[in-house]
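Hi,

Here is the structure I said I would pass on. Have a look at it first, and then read on for what turned up.

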Amino acid sequence: LDEGAPGGGVPAKPKPAPETSKTVSLLHRIGDAGAFAERSKLWYREAASAGGGLRVRLGPAKLSGAERDAFAALLDSGGHYTLRLPSNFSAPADSPPVFASVSACSLAESRFEEAIELTFSTAGTLTSVSYTVPAASECPPTLPLAATEVGFSTTVTITYPSEGPRPIGRVHDAAFLPHQAAKAQQEAAKASGGKDGDGKPQEPPKS
C-alpha cells in the first residue's frame, strides 16, 4: 500500500500500476519453521525525478483459510511472523534474501497494523528491512482474531544511507599510524635510504 494508508480493516485495492512498474514477491512465513509462501506483490519502478531512487507500492494482503488457522495456533504457542524479500529485485532468484520478523502476538495486538522500512544501497540493493508494529504483547494477545479472515494495514517507506565526505588529495602512507609508529617508520626509511613517490623523504603526520 502507499504511504498514508488508513489504519485498521482490510486495505483498499491499490491503484493500477504504471506500465513501467515491475513486480517482486513479498514472501511470509507463519511460525519459526517451514516454507515461505507469497503474501502479495510489491511494485517498484525508478523515480522519474532528479536524484533517482526507487518508488514502491505493496499490494493488499490478508490471512484466511489455512493461513488464518495457522496464525491462530501460533498465538497460543508463541512465535514469530516473518517477511522475506530478495536483495536484488532485478534477479530475485539469484540474490541473497533479506528477512525481518515480529512477534505474532504483538502483530495481532496491533490489529495487523504494520510499518515496513526498506533500506537500499546507492547501487539499488536492498540491504535491510525494518519491520515494526505499534503494540507489544505477551502471548496470547487480548484481541481475538476475526472469524474468517484478517487484513493487513501496511505503511511502506524507503531509505537510503547518507554518504560521508570524501577526503581530497593523497593520504600520507603513515597517516593511519600512531605518532610514535610513524616516527619509527620514518627513521627506518632514512636508514635504508627510502624515499616517497615524490623523491622526498617521508615525514610523519603532524598530530
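A cut-off before anything else: a residue counts as buried when its relative accessible area is under 20%, as exposed when that value is over 50%, and as partly exposed in between. By that rule Arg39 is buried, because its relative accessible area is 9%. Please keep in mind that this is a predicted model, so the values below are all computed from predicted coordinates.

**The chain as a whole**

The protein chain has three helices and ten strands. Starting at the N terminus, the order of elements is β-β-β-β-α-β-β-α-β-β-β-β-α. Of the 207 residues in the protein chain, 33% are buried. The surface that the protein chain exposes comes to about 12400 Å², with 53% of it supplied by carbon and sulfur atoms. As for contacts between residues at least 6 apart in sequence, 62% of them join residues at least 24 apart.

**The sheet**

Next, the open sheet. Five strands make it up, in the order β3-β2-β1-β5-β6, with antiparallel pairing. Which strands stand at the edges? They are β3 (54-58) and β6 (97-103); each has a single partner strand, so one side of each has no neighbour in the sheet. From one strand to the next, the twist averages 25 degrees.

Helix α1 (residues 65-77) packs on this sheet and touches β1, β2 and β5 (80-86). The direction of α1 makes about 45 degrees with that of β1.

If you want to check the strand register, β1 (residues 22-30) pairs with β2 over seven bridges, in the antiparallel sense. Val24 has Leu42 as its bridge partner in β2, and Ser25 stands opposite Lys41 in β2. The hairpin of β1 and β2 has six residues between the strands, and there Gly31 takes a positive phi near 105 degrees. On to the next pairing: β2 and β3 run antiparallel and are joined by five bridges. Leu42 turns up again here, with Leu58 as its bridge partner in β3.

**Salt bridges**

Side chains of opposite charge can pair when their charged atoms come close. How many salt bridges does a search of the whole structure find? It finds four, and I'll go through some of them here.

The one I'd open up in the viewer is Arg39 with Glu114, where the closest N and O atoms are 2.3 Å apart. Arg39 is in strand β2 (residues 37-46) and Glu114 is in strand β7 (residues 113-120), so this pair ties together parts that are 75 residues apart in sequence. Are these two residues buried or exposed? Arg39 is buried at 9%, and Glu114 is buried as well, because its relative accessibility is 2%.

Thr154 belongs in the same picture, as its side chain makes polar contacts with the side chains of Arg39 (3.4 Å) and Glu114 (2.6 Å). Thr154 lies in strand β10 (residues 153-159). With a relative accessible area of 3%, Thr154 is buried too.

Another salt bridge joins Glu38 and Lys41, with 3.2 Å between the closest N and O atoms. Here the residues are partly exposed: Glu38 has 42% relative accessibility, and Lys41 has a relative accessible area of 34%. This is the Lys41 that stands opposite Ser25.

Then there is Lys62 with Glu149, whose side chains meet in a salt bridge at 3.3 Å, N to O. That pair links distant parts of the chain, as Lys62 is in strand β4 (residues 62-64) and Glu149 in strand β9 (residues 149-151), 87 residues apart. Lys62 counts as partly exposed at 43% relative accessibility, and Glu149 is partly exposed at 31%.

**Where to look**

If you only have a few minutes, I'd start at Arg39, which forms the salt bridge with Glu114 and has a side-chain polar contact with Thr154. After that, try Leu42, which has bridge partners in Val24 and Leu58.

Cheers

Conventions. Residues are numbered from 1 along each chain as its sequence is written. This is a predicted model: local features need pLDDT of at least 70, side-chain atom pairs count only at pLDDT 80 or more; totals for chains, interfaces and linings use all residues. Side-chain values use heavy atoms; hydrogens and water are left out. Helices (H or I, at least four residues) and strands (E, at least two) are DSSP runs, numbered from the N terminus. Buried means under 20% relative accessible area, exposed over 50%, partly exposed in between (1.4 Å probe, protein chains only). A polar contact is a pair of N or O atoms within 3.5 Å; within protein, one must be able to donate a hydrogen and the other to accept it, and residues adjacent in sequence count only if both atoms are side-chain atoms. Contact means heavy atoms within 4.5 Å. Accessible areas come from the Shrake-Rupley method with a 1.4 Å probe; for residues, only the protein chains shown count as cover. Two strands pair if DSSP finds at least two bridges between them. Axes are lines fitted to C-alpha atoms, for helices over the stretch in contact, and angles run from 0 to 180 degrees between N-to-C directions.
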